[in-house]
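Here are a few short exercises to work through with the structure open beside you. Try each one before reading its solution.

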Amino acid sequence: KESLEPSLNRATDPPKSKKIQHTNAKNAVLFEAINLIIHYDSDAALMVRSCNLLGGFLNSKETNLRYLALESLTKLAVSDFSRKAVMKHQETVVQALKNERDLSVRQRAVDLLYAMCDREQAEEIVGELLAYLEKADYSIREELVLKIAILAEKFAQDYKWYVDVVLNLIRIAGDYIADEVWYRVTQIVINRDDIQAYAAKTVFEALQAPTCHENMVKVGAYILGEFGNLIAGDERSGPIVQFKLLHSMFHLCSNQTKYILLSTYIKLINLFPEIKHDIEEVLGNDNQLRNSD
């Protein structure tokens with residue numbers, strides 16, 4: 001450990017030669033020294049200094065150096081010694097996410113934002129990741145969706161915000177939403193009285209979009225089946241309106257979602273006995289439903 005500081009000093013001395021090989025060798029020594037500092041995770045001063053040195057590489061013209069800097073900062077972000085020093089580079093990392101041409105470097109920027117996220121920065125970082133998701137390469141969307149969902153749940157101070165984030169995930173990247181993600185939001189809504197009316201209203205509005213992903217139908221069916229009564233006082237979202245909105249998507253859905261919808265119709269009859277006849281009439285006249293298994 002004692003030799004790490006001198007190694008760091010030598011690696012950051014002005015180059016004695018302008019030859020590219022000399023610069024590459026010095027950078028290799030520097031990154032190796034930083035990796036050892038990270039490994040020992042015991043010297044706060046050296047770890048903070050490493051963060052500052054790595055920050056200087058974030059705008060390097062060399063793709064490989066930008067990649068290595070982001071990768072090393074991600075490791076430093078999980079240490080109590082260096083976490084705050086890493087977070088000073090948040091704006092530069094966000095810019096890399098927006099402007100970097102190289103996919104692998106953008107992915108390291110995602111990893112770093114995920115690692116540095118805390119309760120205080122969560123809404124800003126999640127907002128940036130959601131914006132990136134809209135244009136993200138399809139090969140990384142599933143992982144990105146999962147990271148956003150985890151951060152939103154872990155650091156939510158306002159669960160209305162969490163509901164908004166998950167519904168946005170479904171809207172932007174519905175094909176990449178694992179069942180655990182959409183099902184988790186329904187469980188959180190069920191367990192939190194303070195957001196049930198908001199969730200019902202928000203998902204009802206989301207279901208009215210011109211194009212609505214099947215995962216949104218699943219979430220909407222679950223939430224309206226449990227809490228549709230909380231928005232039924234407004235005639236624009238009255239009992240029969242809720243039923244007709246859900247049923248308008250029935251024939252576009254997979255069998256799994258159809259089962260969820262049929263279960264919701266039973267719940268709606270229990271919530272609103274006055275529309276039992278209307279639901280039975282619609283289902284009775286539905287040839288496709290009558291002929292299906």
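**Exercise 1.** In the loop between which helices is D41 found? Work out its setting and its backbone.

*Solution.* This is a predicted model, so let's begin with the chain path.
- Step 1: D41 sits in the loop that joins α2 (20-40) to α3 (44-55).
- Step 2: Look at the backbone angle. D41 has a positive phi of about 45°, although it is not a glycine.
- Step 3: Set that against the general rule. Most residues other than glycine have a negative phi.
- Step 4: Check the surface. D41 has a relative accessibility of 35%, and partly exposed residues fall between the 20% and 50% cut-offs, so D41 counts as partly exposed.

**Exercise 2.** Decide whether the protein is a compact globule or more spread out.

*Solution.*
- Step 1: Take stock of the secondary structure: 17 helices and 0 strands.
- Step 2: Compare radii. The globule rule gives 19 Å for 293 residues, and the radius of gyration is 26 Å, well over that value, so the protein is more spread out than a compact globule.
- Step 3: Look at the box. Along the principal axes, the C-alpha atoms fill roughly 85 × 35 × 30 Å.
- Step 4: Add the burial figure. Of the 293 residues, 48% count as buried.

**Exercise 3.** Find the centre of the contact network in the largest nonpolar core.

*Solution.*
- Step 1: The core has 97 residues, and M116, L129, I148 and L169 touch the most other members.
- Step 2: Ask which helix gives the most to this core. That is α10 (residues 159-173), with 11 residues.
- Step 3: Follow I148. Beyond its neighbours within four places in sequence, I148 is in contact with V126, L129, L130, L133, V165 and L169.

**Exercise 4.** Which residues of helix α14 are buried, and what covers them?

*Solution.*
- Step 1: Within α14 (residues 239-247), the buried residues are P239, Q242, F243, L245, L246 and H247.
- Step 2: Their cover includes α12 (196-206), α13 (214-227), α15 (255-271) and α16 (276-284).

**Exercise 5.** Place A131 in the model, and say how far A131 is from G284.

*Solution.*
- Step 1: A131 belongs to helix α8 (residues 122-133).
- Step 2: With 45% relative accessibility, A131 counts as partly exposed.
- Step 3: Between A131 and G284, the C-alpha to C-alpha distance is 44 Å, and the two are 153 residues apart in sequence.

Technical notes: Residues are numbered from 1 along each chain as its sequence is written. This is a predicted model: local features need pLDDT of at least 70, side-chain atom pairs count only at pLDDT 80 or more; totals for chains, interfaces and linings use all residues. Side-chain values use heavy atoms; hydrogens and water are left out. Helices (H or I, at least four residues) and strands (E, at least two) are DSSP runs, numbered from the N terminus. The radius of gyration is taken over C-alpha atoms; the globule rule is 2.2 Å times the number of residues to the power 0.38. Buried means under 20% relative accessible area, exposed over 50%, partly exposed in between (1.4 Å probe, protein chains only). Contact means heavy atoms within 4.5 Å. A nonpolar core is a set of buried Ala, Val, Leu, Ile, Met, Phe, Trp, Tyr and Cys residues joined through side-chain atoms within 4.5 Å.
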